[in-house]
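Here is a short report on one structure. Read it with the model open beside the text.

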Amino acid sequence: MITKFITEVSTTFNPFLPRAKTARLFLSFLPPNARQTMKVDTKLLPRASRDPSLLQLKFKDGKQMKLDAEKLGIKGVVEEVDRHSRILSRQEELNGN
Amino acid sequence: MLPRVHTPSKAISSILRKRRPVRSQRQYATAAAITPAASHEQMTRSSSPIARYPLTQPPSYKPPEFRKSQLLRQYASLLRSTPLMLLFQHNNLKANEWVGIRRELSAALKKVDAARVAAGHPPEPLEDAIKVQIIQTGIFAAALRVVEFFKPESQSASLDPTDPATPSSATVPVFTKSGDELTHTLSKAAHEAVADIRTAHALAPLLAGPLAVLTFPNVSPQHMKAALSILSPSPPDFPAPTRRANPGWHDAAVQSGLQKLLLLGARVEGKVFDVDGTKWVGSIDGGLDGLRAQLVAMLQGIGGGVTNTLESAGRSLYFTVEGRRTILEDEQKEASGETAKQ
């Protein structure tokens, strides 16, 4: 997963629901120095809550992405993030950085 | 000294050869030893049955030489022996961050131990026994199922084949070659009992992704509070150590490690708690003794209430009866007055 262009990650999930696995796995996919390069905000819901897990991302170009983690699955989430990140990396290359 | 053996003469050896044609090796004549008569004990009691394997190594259904079988045993034993366990998700922590976190944790726990000793409790160093370890979630889930759901009936496991009192006709439980009657963690019975309950345990959804557990050898909220204030500080109840009191905790490595450590829940005496429940357990003042004191105070309050209630019932009964008596007396007087008139 290309995490270079993410500036903000905010997740909300109830770990006791099996569907929260996607959000948790997304957190574990961030690199070890992620907290220095981006803002990571995690909120745990109480056990009884049935709220869906949320995953919101912000990119360097200001694009906000609100992903339905439960429906996409971790593969789908990675695909979505990479699709936008590839566009950004191509722009960066074209600008000559 | 060389044994005194005589080579048999040709005639004798030919006879021997005729009698026992199967023997191909050379036979030596030996003095016939007289077997001593069996002792009384041997005559009256049969010999004890022989287990085909050591008691510590019963045959197992899962191949014991695999690492995952041994991990399963290790996790099952861990789950049986630790009543208090915190679960953390660790997101790509580096080795030096783990080192820093473990160092800070053990320092804080040592402080708690010292404080307990200073407060007059018997010295009971838990610091060595409380540790963070990263677990393999799938095997841990299997071990959890075995521990929680596989309850073999207490059968006659007391039959010891090495005990001379055990008759040889007795069927020793750990005796079958197929290992059908065994009930240890790696046994077939344990496997079949839990094979079809995949998600039944409440902790099962947590067991995915990178997971680490902090295990305590007994339920000690003080130690838990210290550990929580180090690993996931939350200001009112679990304040982070100040920079002056504990400068090591504010190291860059420890801080960046703690940011990536996420408390998910706890398992306290077989029950599953979420983060709030975990914090509640950690915030019990004075540990188990404190809880007992609270209970005693509550019971005393209840006792006072009970006596009041009982007394009030007695009192009201007294008033009722007294009232009834006066009414009856009045009626009697009236009745006697009427009869007097007539």
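## Sheet, helix pair and interface

Chain B holds an open sheet of five strands, ordered E2-E3-E1-E4-E5, with antiparallel pairing. The model is predicted.

Strand E2 (131-135) and strand E5 (271-273) of chain B are the edge strands. Each has a single partner strand, so one side of each is left without a neighbour in the sheet. On average, neighbouring strands of this sheet are turned by 25° against each other, direction ignored.

At the E2 edge, the partner strand is E3 (residues 211-216) of chain B. Five bridges join E2(B) to E3(B), and the two run antiparallel. One pairing can be named: B:Val132 has B:Leu214 in E3(B) as its bridge partner.

Next, the helices. Two packed helices are described by the angle between their axes and the distance between the axes. For helix H3 (residues 67-81) and helix H5 (residues 137-149) of chain B, the axes come within 8 Å and cross at roughly 50°. Angles under 35 degrees count as roughly parallel and 65 to 115 as roughly perpendicular; H3(B) and H5(B) are therefore oblique to each other. The crossing of H3(B) past H5(B) is right-handed.

Which residues in H3(B) meet H5(B)? They are B:Lys68, B:Leu71, B:Leu72, B:Tyr75, B:Ala76, B:Leu79 and B:Arg80. On the H5(B) side stand B:Ile139, B:Phe140, B:Ala142, B:Ala143, B:Leu144, B:Val146 and B:Val147. By class, the residues of this contact between H3(B) and H5(B) are 12 nonpolar, no polar and two charged.

Now the contact between chains. Here 18 residues of chain B are in contact with 17 residues of chain A. Three elements of chain B each supply at least two residues of the side that touches chain A: helix H8 (252-259), strand E4 (261-268) and helix H9 (275-282). E4(B) gives the largest share of that side, three residues. Strand E4 is also a member of the chain B sheet, placed between E1 and E5 in the order.

The class make-up of the two contact sets is tabulated below.

| Contact set | Nonpolar | Polar | Charged |
|---|---|---|---|
| Side of chain B that touches chain A | seven residues | seven residues | four residues |
| H3(B) with H5(B) | 12 residues | no residues | two residues |

Last, the domains. Chain B is divided into domain 1 (67-156 + 171-284) and domain 2 (288-316). Their C-alpha centres lie 38 Å apart.

Technical notes:
Residues numbered from 1 in each chain as written. Chains lettered and ligands numbered in written order. Predicted model: local features only at pLDDT ≥ 70, side-chain atom pairs only at ≥ 80, totals over all residues. Contact = placed C-beta atoms within 7 Å. Helix = DSSP H or I, 4+ residues; strand = E, 2+ residues; numbered from the N terminus. Nonpolar A, V, L, I, M, F, W, Y, C, P; charged D, E, K, R; others polar. Axes fitted to C-alpha atoms, helices over the stretch in contact; angles between N-to-C directions. Parallel < 35°, antiparallel > 145°, perpendicular 65-115°, else oblique. Left-handed = near helix turned anticlockwise from the far one by under 90°. Domains from an automatic or database assignment. Pairing = 2+ DSSP bridges.
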